Amino acid sequence: MKASTSRREGQVSYSRGARKSKCGNVRLANFRREAATSRAVSPSESQVSSKRAPTVEEQRQAARELVNYFKEKRLEEDFEKNQQLGWVPKAEIANGRWVMFGLLVGMLTEFSTGVNFIDQIKLLLVNLSIIDFD
């Protein structure tokens, strides 16, 4: 398969009609340019050492760091999901249920005694000696 490069966009077009992504075309063109220049000039030691493949130990270290990173992320998510105090959905649901229960008790008490909800609260505060309405 023969390829020709376009300098303007860095793309490679194939004569047999094979399609490649733009990224693949750019990589292939860069690889071919590097191969052509490496044949003409022998690389120095600094160029060879900068383009060396990672060792197995370096890959293991990188994998350990990734594992630790994702463990920390999972712990953060678990902490946020199981948070008990503050403005969290569990607390809002519990508060809403207690309010609904209190209103239900107030309405049932009003129905059975004839004392409205506001007067019930006043009566409760006076009986508990929190406020004195003289």
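**View A. L103 is placed in helix α4 of this predicted model.** As in the other views, the coordinates come from a prediction. Helix α4 covers residues 89-113. L103 has a relative accessibility of 41%, and because this value lies between the limits of 20% and 50%, the residue counts as partly exposed. Its partner in this view is F117, 14 residues away along the chain. The C-alpha atoms of L103 and F117 are separated by 8.7 Å. F117 is the residue at which helix α5 (residues 117-127) begins.

**View B. W98 and F101 form an edge-to-face aromatic pair.** Both residues belong to helix α4, where they are 3 residues apart, about one turn of the helix. The ring centres are 6.1 Å from each other, and the planes make an angle of 85 degrees. This pair counts as edge-to-face because its angle is over 60 degrees. W98 is exposed, with a relative accessible area of 62%. F101 has a relative accessible area of 47% and is therefore partly exposed.

**View C. Y69 and F70 form an aromatic pair.** The whole structure has 2 aromatic pairs, and the one in this view is edge-to-face. Its ring centres are 5.1 Å apart, with 75 degrees between the planes. Y69 counts as partly exposed at 42% relative accessibility. F70 stands at 51% and so counts as exposed, the cut-off being over 50%.

**View D. E58 and R52 form a salt bridge.** The closest N and O atoms of E58 and R52 are 3.2 Å apart. E58 has a relative accessibility of 36%, so it counts as partly exposed. The structure holds 2 salt bridges; the one between R64 and E57 is shown in the next view.

**View E. R64 and E57 form a salt bridge.** Between R64 and E57, the closest N and O atoms are 3.8 Å apart. The contact counts as a salt bridge because this distance is within 4 Å. Both ends are partly exposed: R64 has a relative accessible area of 41%, and E57 has one of 44%.

**View F. A nonpolar patch on the surface includes L124.** The patch is formed by L124, V126, L128, I130, I131 and F133. Together these residues have about 560 Å² of accessible area. L124 lies in helix α5, which spans residues 117-127. L124 counts as partly exposed, with 49% relative accessibility. This residue is eligible for the patch because its value is over 30%.

**View G. K122 and D132 are 10 residues apart along the chain.** The C-alpha atoms of K122 and D132 are separated by 9.1 Å. K122 is placed in helix α5. At 39% relative accessibility, K122 counts as partly exposed.

**View H. S129 has a positive phi.** The angle is about 60 degrees, although S129 is not a glycine. S129 lies in the segment after α5. It counts as exposed, with 65% relative accessibility.

**View I. The protein has 5 helices and 2 strands.** Along the sequence the elements follow the pattern β-β-α-α-α-α-α. Of the 134 residues, 7% count as buried. The accessible surface comes to about 12,300 Å², and 59% of it belongs to carbon and sulfur atoms. Among contacts between residues at least 6 apart in sequence, 4% join residues at least 24 apart.

**View J. Confidence is lowest in strand β2 and highest in helix α3.** The mean pLDDT of the protein is 77, with 62% of its residues at 70 or more. Strand β2 (residues 11-14) has a mean of 48, whereas helix α3 (residues 56-81) reaches 93. Over residues 6-23 the pLDDT is below 50. Beyond near neighbours in sequence, the stretch of residues 6-23 has 28 contacts in the model.

Definitions and conventions: Residues are numbered from 1 along each chain as its sequence is written. This is a predicted model: local features need pLDDT of at least 70, side-chain atom pairs count only at pLDDT 80 or more; totals for chains, interfaces and linings use all residues. Side-chain values use heavy atoms; hydrogens and water are left out. Patches are made of residues with over 30% relative accessible area and no salt bridge: like charges are joined within 9 Å, nonpolar side chains (Val, Leu, Ile, Met, Phe, Trp, Tyr) within 5 Å. Accessible areas come from the Shrake-Rupley method with a 1.4 Å probe; for residues, only the protein chains shown count as cover. A salt bridge is a side-chain nitrogen of Lys or Arg within 4 Å of a carboxyl oxygen of Asp or Glu. Helices (H or I, at least four residues) and strands (E, at least two) are DSSP runs, numbered from the N terminus. Buried means under 20% relative accessible area, exposed over 50%, partly exposed in between (1.4 Å probe, protein chains only). Rings of Phe, Tyr and Trp (its six-membered ring) pair if their centres lie within 6.5 Å; planes under 30 degrees apart count as stacked, over 60 as edge-to-face and the rest as tilted. pLDDT is the predictor's confidence in each residue, from 0 to 100. Contact means heavy atoms within 4.5 Å.
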